[in-house]
Amino acid sequence: MSPAGGPPLVSVIVPVLDEARALPRLLDHLAALRGDIEVIVVDGGSADASRAIVRAHPLGATLLRAGGGRAGQMNAGAAAAAGEALVFLHADTRLPPTAHSSLAAALARGVEGGNFALRFDGGGAFARLLGSWYAVQRRLGVFYGDSAIFVRADAFRALGGYRPLAIMEDYDLARRLSRRRRTACLPGPAVTSSRRWRRLGVGRTVAAWAAIRWLYLLGVPAERLARLYRPAR
């Protein structure tokens with residue numbers, strides 16, 4: 001925890017599975033961020049060099065191993081975290097340089113969770129349209145893990161953490177957080193990869209997001225939705 005009255009310690013928790021290609025750049029990015037930040041990488045059983053890369057990187061991130069899918073990984077990282085605030089970061093997302101100062105200011109004004117404004121990389125009309133759609137969804141209170149969900153550690157524990165869902169665990173936490181706590185969308189933006197969506201195009205990507213979300217809200221089991229999500233990507 002941070003010293004009394006001092007800047008908060010922020011714990012950045014990164015769930016990974018076979019992310020050897022992305023990890024060197026991600027760890028370099030996290031090492032360059034300003035502020036009091038600890039990094040916890042939680043491996044879900046990688047068969048590649050992910051764990052070796054984390055151990056060898058000068059950042060000195062804490063490396064854990066956990067099962068239970070991404071929800072189980074993030075819960076394990078949160079249990080080991082010492083920070084006042086937790087940030088759950090995907091391996092293909094980058095935080096804004098001002099992430100720590102934005103979080104500190106939000107916590108000081110009573111915000112207990114939320115996410116960062118999001119931009120998709122690659123430029124061009126595709127990335128702009130995808131980013132615009134995401135921004136519309138955020139104004140409606142809908143956000144996902146690729147926009148770097150953050151939450152006060154005590155609020156996360158009070159909410160019971162991530163539920164053990166095969167998919168939509170991030171959306172589920174965001175809904176519970178928004179219903180019960182004061183949330184905010186912090187400026188930035190965070191930047192995430194659009195590569196996995198380019199094959200589908202904007203129309204099919206938006207349709208896939210909407211269909212899976214509404215099926216989830218209608219009570220379709222997360223295990224069945226996960227089978228739909230993989231082909232959609």
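**A mixed sheet and its salt bridges**

Good morning. I begin with a single pair of residues: the bridge partner of G113 is V151, which lies in strand 7. What I show is a predicted model, in which local features need pLDDT of at least 70 and side-chain atom pairs count only at pLDDT 80 or more, while totals for chains, interfaces and linings use all residues. Residues are numbered from 1 along each chain as its sequence is written, and side-chain values use heavy atoms, with hydrogens and water left out.

Some terms come first. Helices (H or I, at least four residues) and strands (E, at least two) are DSSP runs, numbered from the N terminus. Two strands are said to pair if DSSP finds at least two bridges between them. A residue is buried under 20% relative accessible area, exposed over 50%, and partly exposed in between, for a 1.4 Å probe and protein chains only.

Let us return to the opening pair. Strand 6, residues 113-120, and strand 7, residues 149-152, run antiparallel and are joined by two bridges. G114 also has a counterpart in strand 7, namely F150. On its other pairing, strand 6 is parallel to strand 8, residues 183-192, over seven bridges. There, F120 has T192 of strand 8 as its bridge partner. Strand 6 is mostly covered, with six of its eight residues buried. Helix 5, residues 124-139, lies across strand 6 and strand 8 and runs at about 160 degrees to strand 6. Contact here means heavy atoms within 4.5 Å; axes are lines fitted to C-alpha atoms, for helices over the stretch in contact, and angles run from 0 to 180 degrees between N-to-C directions.

How do the strands fit together? Strands of a sheet pair through backbone hydrogen bonds, either parallel or antiparallel. In this model, eight strands form an open sheet of mixed pairing, in the order 3-2-1-4-7-6-8-5. Strand 3 (62-65) and strand 5 (93-94) stand at the edges with a single partner strand each, so one side of each has no neighbour in the sheet.

I turn next to strand 1. Is strand 1, residues 10-16, enclosed or open? Seven of its seven residues are buried, so the rest of the structure largely encloses it. V10, V12, V14 and V16 point one way, S11, I13 and P15 point the other way, and all are buried. Strand 1 pairs in the parallel sense with strand 2, residues 37-43, over seven bridges, and P15 stands opposite V42 of strand 2. Strand 1 also pairs in the parallel sense with strand 4, residues 85-88, over four bridges, where V10 has A85 as its bridge partner. With helix 1, residues 23-32, between them, strand 1 and strand 2 make a right-handed β-α-β unit. Right-handed means that, with the strands pointing away from the viewer, the path from the first strand over the helix to the second runs clockwise.

The next topic is charge. Side chains of opposite charge can pair when their charged atoms come close. A salt bridge is a side-chain nitrogen of Lys or Arg within 4 Å of a carboxyl oxygen of Asp or Glu, and by this rule there are seven. In one of them, R51 meets D43, with the closest N and O atoms 2.7 Å apart; both residues are buried.

A second salt bridge joins the side chains of R70 and E169, at 3.4 Å from N to O. This pair links distant parts of the chain, with R70 in helix 3 (residues 69-80) and E169 in helix 7, 99 residues apart. Is E169 buried or exposed? E169 is buried, because its relative accessible area is 4%, whereas R70, at 35%, is partly exposed.

A third salt bridge connects E84 and R152, whose closest N and O atoms are 3.2 Å apart. Here too distant parts are linked: E84 is in the loop between helix 3 and strand 4, R152 is in strand 7, and 68 residues separate them. E84 and R152 are both buried, and together with D154 they are linked in a network of salt bridges.

I close with the loop between helix 6 (153-159) and helix 7, where I167 is found. I167 counts as buried because its relative accessible area is 7%. The C-alpha atoms of I167 and R227 are separated by 9.4 Å, although the two residues are 60 residues apart along the chain. Thank you for your attention.
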